[in-house]
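Please brief me on this protein model. Keep it short and put the ligand first.

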Amino acid sequence: QGNVWEVARESKAVDVKFGGQVYLEEVDGVLQPVYKDPYIIRAVPYDTGIVGYKNNHVNTMRLWDAQIPASEEVKFPTIESRRKVEDLTSVLYPDDSNEEGRLLRLRQEYFFVSAGLQSIVRHYKKYGKPMSEISNHISVHINDTHPAMCVAEFMRILLDDEKMGWDEAFDQTVKTMSYTNHTIMSEALEKWPVSLIERVQPRIMQIIAEIDRRYALELAERAETDLISGTRIVNNGIVHMAHLAIIGSHSTNGVAKLHTDLLEQDVLKDFYHLYPERFNNKTNGITIRRWLQIADPRLAKIIDKTIGTKWRSNPKELHNLATHLNDRRLIADIGKAKHQNKVDLAKYIKQTTGIVVSPDAIFDVQVKRLHAYKRQLLNLLKIVKYYLDLKDDPKKDVVPRVFIFGAKAAPSYHYAKSIIKCINEVGNLINNDKTIKDKLKVVFLEDYGVSLAERIIPAADVSEQISTATKEASGTSNMKFMLDGALTVATLDGANIEIKDYVGEDNIFIFGLKKEEVLQYEADHSYQSSDYYANDPILHRVLDAFVDGTIPSIGAEGAEIFNSLVHANDEYFVLRDFEDYLRAQGEVEKTYRNPSLWNKKCLVNIANAGYFSSDYTIQKYADEIWHVAPSDPLDGKDCGANGQYPL
Ligand SMILES: *Cc1c(COP(=O)(O)O)cnc(C)c1O
């Protein structure tokens, strides 16, 4: 049957050139690249219509398949060599823990970059406008560093295919490109060896090297040598893709206020010094259609009854709910809808895991990629603490809680998998301990993805957003949870800060180290995690449970985690934040005992979540970065960048 919404468009295929060697030859006074032994892969577009919400627009999402053209078949004689071509488009983010995987990943990045830009330029040329004006009509956004080769590929097209001079080509490239930075974690900022890029596409490496050479030359007149060497694209045989994206574009943005501040003041401060006008913030957003209208229809209906349906096209209208904070009927209805969503999720949990959970318990949820900085471990230490408390005092008066996790880890991320193992074994221990009854349950749902998120988030009471301050660029699940009426336990990190500013301190549970404190510890190395193990008897006992057999079947994994926290000095300050985290969780429990107070706080969160609609975020990108005006859907024309010329 296939995917009936997807249309293959063979006639729009483009050829992507890989490998071989390249040298420059003077033809009629102009340097031309000459390729030796390259190979060509054909990129075939598959288009899916993306239908706008009641706006008479349908956009195209274009995915690319890789095929071997007939003329190239002799170069792919073995099954193995043909499989490599298939692999180009079969896995998103190929495993880059080995050389083979890195090569595949870089080839994939170039394949998509080249196919996309070639098809954009071909489309532009149909309108007969000169290439010297392309930046007036076309915007290309570099979303994270993965497509940063766009800068060099666009240059290649302008120089080699369109015969434009270097200076004009670079001017058009900078004006066309813009870049969003998504993380300050250095291991996630792509760096590729020159030798690898040369192997994938030697002409692209030539162009990157020339951009870098001219950058350093131009700066030599106005900047200090340290600043130049720290911002160069190529350094010690390594290409810094973020540097390429910043130098080759007119806009660099972060994805939350705190994140953009960190880029300007810390991570990219030298670039900010050189190009202050290029830096700006665009706080991330979420689609209200998916996360409220579709995922939480019960809540959506209650909102319609209270403030009408205008919020569905203009999510800021959700703020009208704030005039109903004393509507006891509304507040009770919100509680009822949440309860029904929890009944649905409890059924799903029973079906998929066999674990029985009560919808009357607090559903305490952490769903996101598994990563040390997101601190699923902090959550797990809390659970073990609660378990040990109940073992000491089985009659302890606690509000029952169900801890729900969903997470996936990169295939080579060993530590993350150890954490997943420990969460599951803590679950096995607690869920099968008859003395705990229904007071605590731990559920790890497999195959976390958007579909599962749509089931889980509308059923959450507590949203765990507990990353080490400075590490989470924005976060977006924090926004989804507040929209669906969960209360957030949060560090002052990423967009959590903006959420707090909207809902007010009384409607969110804030804890933990602040940005300045984390930066201070990282600068002076004064943090000693082993002191916390030695001096905090509660932490001591909780951590021992990972290595003394209390949690069964986690020999190696338990030791790995214990060592990282106690002996390897706990890079993400889990032990440092533990006590304050427990305090915040105590507040959660106290508040939950008062249902009308709890649900009123949920209502405040829902009322303020509209500000995080991605519609507004995208509007800002369009206005402030791409300079693209909306088109009238009924006149049959699109507007180009700047809204100047209908393409
Ligand atoms: C929203 C979402 C994310 C991002 O979650 P964060 O907690 O902000 O990291 C990741 N995966 C899926 C499936 C999501 O829906």
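The points below cover the ligand site, the cysteines and a handful of single residues. This is a predicted model.

**The ligand and its shell**

- Twelve names are worth finding on the screen: the ligand is surrounded by Trp291, Val367, Lys368, Lys374, Tyr448, Gly449, Val450, Ala453, Gly475, Thr476, Ser477 and Lys480.
- By type, this shell splits into 5 nonpolar, 4 polar and 3 charged residues.
- Three side chains place a polar atom by a ligand oxygen atom: Lys374 at 2.8 Å, Ser477 at 2.5 Å and Lys480 at 2.6 Å.
- On its own, the ligand would expose 390 Å², and the protein buries 81% of that.
- Which elements give two or more residues to the shell? They are helix H17 (450-456) and helix H18 (477-483).

**Cysteines**

- How many disulfides does the structure hold? The count is 0.
- Cys150 has a relative accessible area of 6%, so this residue is buried.
- Cys422 is buried too, with a value of 0%.
- The cut-off behind both calls is a relative accessible area under 20%.

**Gln585, in a helix**

- Gln585 sits in helix H24, which covers residues 574-592.
- Is Gln585 buried or exposed? Its relative accessibility is 0%, so Gln585 counts as buried.
- The side chain of Gln585 has a polar partner: a contact of 3.1 Å joins it to the side chain of Glu464.
- Setting aside residues up to four places away in sequence, Gln585 touches Asp364, Lys382, Tyr386, Arg401, Glu464 and Val489.

**Ile50, in a strand**

- Ile50 belongs to strand S5, residues 39-51.
- With a relative accessibility of 41%, Ile50 counts as partly exposed. That label applies because the value falls between the limits of 20% and 50%.
- Ile50 and Met61 are 11 residues apart in sequence, and their C-alpha atoms are 6.6 Å apart in space.
- Beyond four places in sequence, Ile50 touches His57, Val58, Asn59 and Met61.

**Arg312, in a loop**

- Where does Arg312 lie? Look in the loop between helix H13 (297-307) and helix H14 (328-353).
- A polar contact of 2.8 Å links the side chain of Arg312 to that of Asp304.
- Asp304 is also one of the residues in contact with Arg312 once neighbours within four places are left aside; the others are Tyr53, Gln293 and Ala300.

**Two residues with positive phi**

- Some background helps here: most residues other than glycine have a negative phi.
- Asn236 has a phi near 50°, a positive value in a residue other than glycine.
- Asn236 is placed in the loop between strand S10 (234-235) and strand S11 (238-240).
- Asn236 reaches 77% relative accessibility, so this residue counts as exposed.
- Asp570 also has a positive phi, near 50°, and is likewise not a glycine.
- Asp570 is found in the loop between helix H23 (555-567) and H24. Helix H24 is also the helix that holds Gln585.
- What is the relative accessibility of Asp570? The value is 2%, so Asp570 counts as buried.

Key:
Residues are numbered from 1 along each chain as its sequence is written. This is a predicted model: local features need pLDDT of at least 70, side-chain atom pairs count only at pLDDT 80 or more; totals for chains, interfaces and linings use all residues. Side-chain values use heavy atoms; hydrogens and water are left out. A residue is near a molecule or strand if one of its heavy atoms lies within 4 Å of it. A polar contact is a pair of N or O atoms within 3.5 Å; within protein, one must be able to donate a hydrogen and the other to accept it, and residues adjacent in sequence count only if both atoms are side-chain atoms. Accessible areas come from the Shrake-Rupley method with a 1.4 Å probe; for residues, only the protein chains shown count as cover. Helices (H or I, at least four residues) and strands (E, at least two) are DSSP runs, numbered from the N terminus. Ala, Val, Leu, Ile, Met, Phe, Trp, Tyr, Cys and Pro count as nonpolar, Asp, Glu, Lys and Arg as charged, and the others, Gly among them, as polar. A disulfide is a pair of cysteine sulfur atoms within 2.5 Å. Buried means under 20% relative accessible area, exposed over 50%, partly exposed in between (1.4 Å probe, protein chains only). Contact means heavy atoms within 4.5 Å.
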